[in-house]
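Reader: I have the sequence and the model open side by side, and I'd like to walk through them with you. Could you start with something local and work outwards from there?

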Amino acid sequence: MAGLLRRLDRTFKGNRLAILGMVVTIVIVLLAVLAPAIVSFDDVTRPVVREKFQPPSTEHIFGTDNLGRDVFNQLLWGSRTSLMIGLAGSLFSAVFGTALGVIAGYGNRKLDLAVSYVIDLLMSFPLLLLALLIVAMIGPSNLNIVIAVGIAGLPRYARLMRALVMQLRSTEFVTAARSLGSGTLRVVLKHILPNAFAPILVLLTLGLASVIIVEASLSFLGLGPPPPSPTWGRLIAEGQPYLRNAWWISVFPGIAILTTVISLNLFGDGLRDILDPRTKNSISARKGE
Amino acid sequence: MLMIAALFGVAITIFLIMRLLPGDLAQLILGEFATPEALAQLRASLGLDQPLWRQFIDYLGNVATGDLGRSLMTRRPVIEDVAHAFPFTLQLAFGSLIVAILVGVPIGIISALKRNSLIDRGAMIFALLGVAGPDFWYGIIALLIFSVWLDWYPILGAGLVENSFEALKYLWLPASILGFSMAGLIARMTRSSLLEELEQDYTRTAKAKGLTYWTSTIKHALRNALIPLVTVIGGNAGRLLGGTIIIEVTFVRPGLGQLLMQSIMQRDYPVIQGLSLFFATMVILVNVIIDLSYQFLDPRIEY
């Protein structure tokens with residue numbers, strides 16, 4: 001254990017916060033994966049009216065909500081929703097954003113202008129507004145939310161990828177590959193994408209945090225994944241009317257969100273320092289821009 | 001010119017989102033038990049029976065003349081509803097911006113001058129909390145502390161716009177919460193940009209020719225370090241507006257965000273469409289103003 005820590009310390013160049021972020025992220029992922037083994041879905045969602053508004057105690061460490069459901073158990077299951085939508089949405093953004101970025105960066109000038117125009121267009125919508133609009137029109141199901149947050153998050157990947165491709169296409173190894181007769185597809189797949197992998201991975205870590213925030217915001221606004229599956233954002237909204245008597249319903253889900261996004265940010269920043277040493281003084285992921 | 005292209009694109013995007021997504025708009029509005037006659041009538045009154053290109057031309061024409069249609073619920077022109085709610089959102093956005101600058105810039109300066117000290121670390125954690133955390137939850141915590149426990153804040157609402165003292169009483173808490181999230185960004189930017197300027201030759205020259213620490217650092221370096229501040233503010237105009245939506249809902253302020261959520265819940269499509277257009281136009285407008293302002297801030301930049 002001590003040896004592992006020392007090795008991690010060396011990998012992250014003494015950035016202890018990044019290690020902490022990584023460890024907490026792993027713990028959260030494990031909890032989400034193991035949730036069904038800890039408590040069954042029925043036990044989480046079944047109302048137990050005589051136990052409503054129980055303050056935190058040894059029996060219910062985070063208390064119970066207005067229907068007597070255990071807040072901790074709901075958070076446990078909520079983490080599955082958050083992480084799943086976060087991952088799926090981020091991957092959606094990453095795949096389509098990267099593809100658009102390659103087209104803009106490697107294509108001819110007209111293609112670049114067209115794609116860049118679309119990207120700029122998407123960027124002129126507040127991220128939350130874009131996701132809200134799409135969900136409002138196609139309805140809040142898990143898949144639709146993934147699509148909405150995926151589209152809303154896509155421009156950032158496209159911009160990054162475009163810049164990377166522009167940089168890489170004029171390098172000597174790409175020129176060499178082309179003069180040896182490699183086609184466009186081969187150059188992109190074999191030479192450009194592998195070199196763009198690290199920055200994209202960093203953005204994915206940081207982007208995951210912002211997608212989780214957007215999903216939580218949608219849930220808070222009543223347009224998140226539909227009940228009965230609990231979500232962190234909805235729990236905060238449900239607790240708001242009872243703030244005066246039962247603060248724990250709204251407070252603990254927020255701590256869960258905060259812990260997750262901060263860990264991801266610390267981990268992502270650390271990852272960037274290792275994988276992408278060109279960009280120092282990192283400014284990490286933002287939600288909603 | 002660019003701005004017109006951007007506005008045109010935004011109008012198209014919103015039109016497409018509103019019309020091409022699955023489902024019949026008339027059916028969605030009237031529900032599944034509507035009679036065919038009622039559906040046909042509504043389609044005709046919304047112009048949905050026209051071909052798509054025709055609908056788009058009409059829509060563009062209306063938008064260009066400032067006609068955003070009428071609300072399906074209140075039958076009032078959308079533009080009136082927007083005009084009524086906008087002051088509340090504007091107050092919130094400006095208030096947050098002021099808080100963000102007043103908090104963010106000093107923190108950034110201290111961090112840069114005391115680089116890698118405990119203060120610097122603490123400030124950067126503060127910045128991370130602001131940048132990455134959920135605004136609406138900070139809002140709830142603030143309500144819990146200042147309304148429920150301390151009773152310093154009238155729990156919900158916005159007061160009257162006309163009465164500025166009254167408005168301020170309702171504004172300070174939501175503006176501080178939204179400002180806090182942006183202060184983090186501003187603090188980080190101020191820090192890194194001031195650090196960069198401090199290493200520039202002109203700063204060294206200023207020090208070498210015997211100017212005091214205060215003059216060389218604050219007057220020379222800081223002035224240049226703050227130019228990117230404008231970029232950060234412009235680049236985050238969208239984020240700020242997006243933030244007002246959720247903060248308005250948290251604090252029940254009758255602004256644009258509240259109006260948007262209400263019309264989404266009531267499926268009042270003309271209002272949703274008009275509001276989206278308004279939000280996006282604001283973002284574009286702010287960015288144009290920011291672009292133009294560089295010339296005044298940095299005479300080296302020309303257009």
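Author: Let us begin in the loop between α12 and α13 of chain B, which is where V252(B) sits. Please keep in mind that this is a predicted model. The residue is worth a look since V252(B) is not a glycine and yet has a positive phi of about 50°.

Reader: Is V252(B) buried or exposed, or partly exposed?

Author: V252(B) has 14 other C-beta atoms within 10 Å, and because a residue counts as buried only from 20 such atoms upwards and as exposed at 12 or fewer, V252(B) is classed as partly exposed.

Reader: Which residue just after α13(B) takes a positive phi?

Author: That is R267(B), which follows just after α13(B) and has a phi of about 55°. R267(B) lies in the loop between α13 and α14 of chain B, and R267(B) is partly exposed because its C-beta neighbours inside 10 Å number 17, which falls between the limits of 12 and 20.

Reader: What about the helix α13(B) itself, how many of its residues are buried?

Author: Of the 10 residues in α13(B), 8 are buried, so by the cut-off of 20 neighbours the helix is mostly covered. The buried residues are L256(B), G257(B), Q258(B), L259(B), L260(B), M261(B), S263(B) and I264(B).

Reader: And what do those buried residues of α13(B) pack against?

Author: Their partners come from both chains: in chain B they pack against α5 (78-113), α12 and α14, and in chain A against α6 (127-138).

Reader: That brings in the other chain. How many residues of each chain are in contact?

Author: On the chain B side there are 41 residues, and these are in contact with 39 residues of chain A. Several helices of chain B each supply at least two residues of that side, namely α1 (2-20), α6 (118-132), α7 (135-149), α8 (164-198), α12 (237-251), α13 (256-265) and α14 (269-297). The largest share comes from α12(B), with 8 residues.

Reader: What is the chemical make-up of that side of chain B?

Author: The side of chain B that touches chain A has 29 nonpolar residues, 10 polar ones and 2 charged ones.

Reader: Let's stay with α12(B). How does it sit against α14(B)?

Author: The two axes come within 9 Å of each other and cross at roughly 145°, and the crossing of α12(B) past α14(B) is right-handed. From α12(B) the residues A237(B), G238(B) and L241(B) take part, and they meet F279(B), M282(B), V283(B), V286(B) and N287(B) of α14(B). By class, this contact has 6 nonpolar and 2 polar residues, with no charged residue.

Reader: And how do α5(B) and α6(B) pack?

Author: The axes of α5(B) and α6(B) are 8 Å apart, and the helices pack at an angle of about 145°, while the crossing of α5(B) past α6(B) is left-handed. On the α5(B) side the contact uses I107(B), I110(B) and S111(B), and on the α6(B) side I119(B), D120(B), A123(B), M124(B) and F126(B). The classes here are 6 nonpolar, 1 polar and 1 charged.

Reader: Switching to chain A, what is its make-up in helices and strands?

Author: Chain A has 11 helices and 0 strands. Its C-alpha trace spans about 75 × 55 × 30 Å along the principal axes, and buried residues make up 48% of its 289 residues. Among contacts in chain A with a separation of 6 or more, 69% are between residues 24 or more positions apart.

Reader: Where is the cis peptide bond in chain A?

Author: The cis bond joins P227(A) and P228(A), with omega at about 5°, and P228(A) is placed in the loop between α9 (184-220) and α10 (232-239) of chain A.

Reader: What is α11(A) like, in length and in burial?

Author: Helix α11(A) covers residues 248-275, and its 28 residues reach 40 Å from first C-alpha to last, close to the 40 Å expected. Of those 28 residues, 22 are buried.

Reader: Finally, where in chain A does pLDDT stay under 50?

Author: That stretch is residues 280-289 of chain A, although the model does have 38 contacts beyond four places in sequence for them. For chain A as a whole the mean pLDDT is 84, and 95% of its residues reach 70 or more.

How values were computed: Residues numbered from 1 in each chain as written. Chains lettered and ligands numbered in written order. Predicted model: local features only at pLDDT ≥ 70, side-chain atom pairs only at ≥ 80, totals over all residues. Contact = placed C-beta atoms within 7 Å. Helix = DSSP H or I, 4+ residues; strand = E, 2+ residues; numbered from the N terminus. Nonpolar A, V, L, I, M, F, W, Y, C, P; charged D, E, K, R; others polar. Axes fitted to C-alpha atoms, helices over the stretch in contact; angles between N-to-C directions. Left-handed = near helix turned anticlockwise from the far one by under 90°. pLDDT = per-residue confidence, 0-100. Expected span 1.5 Å × (residues − 1).
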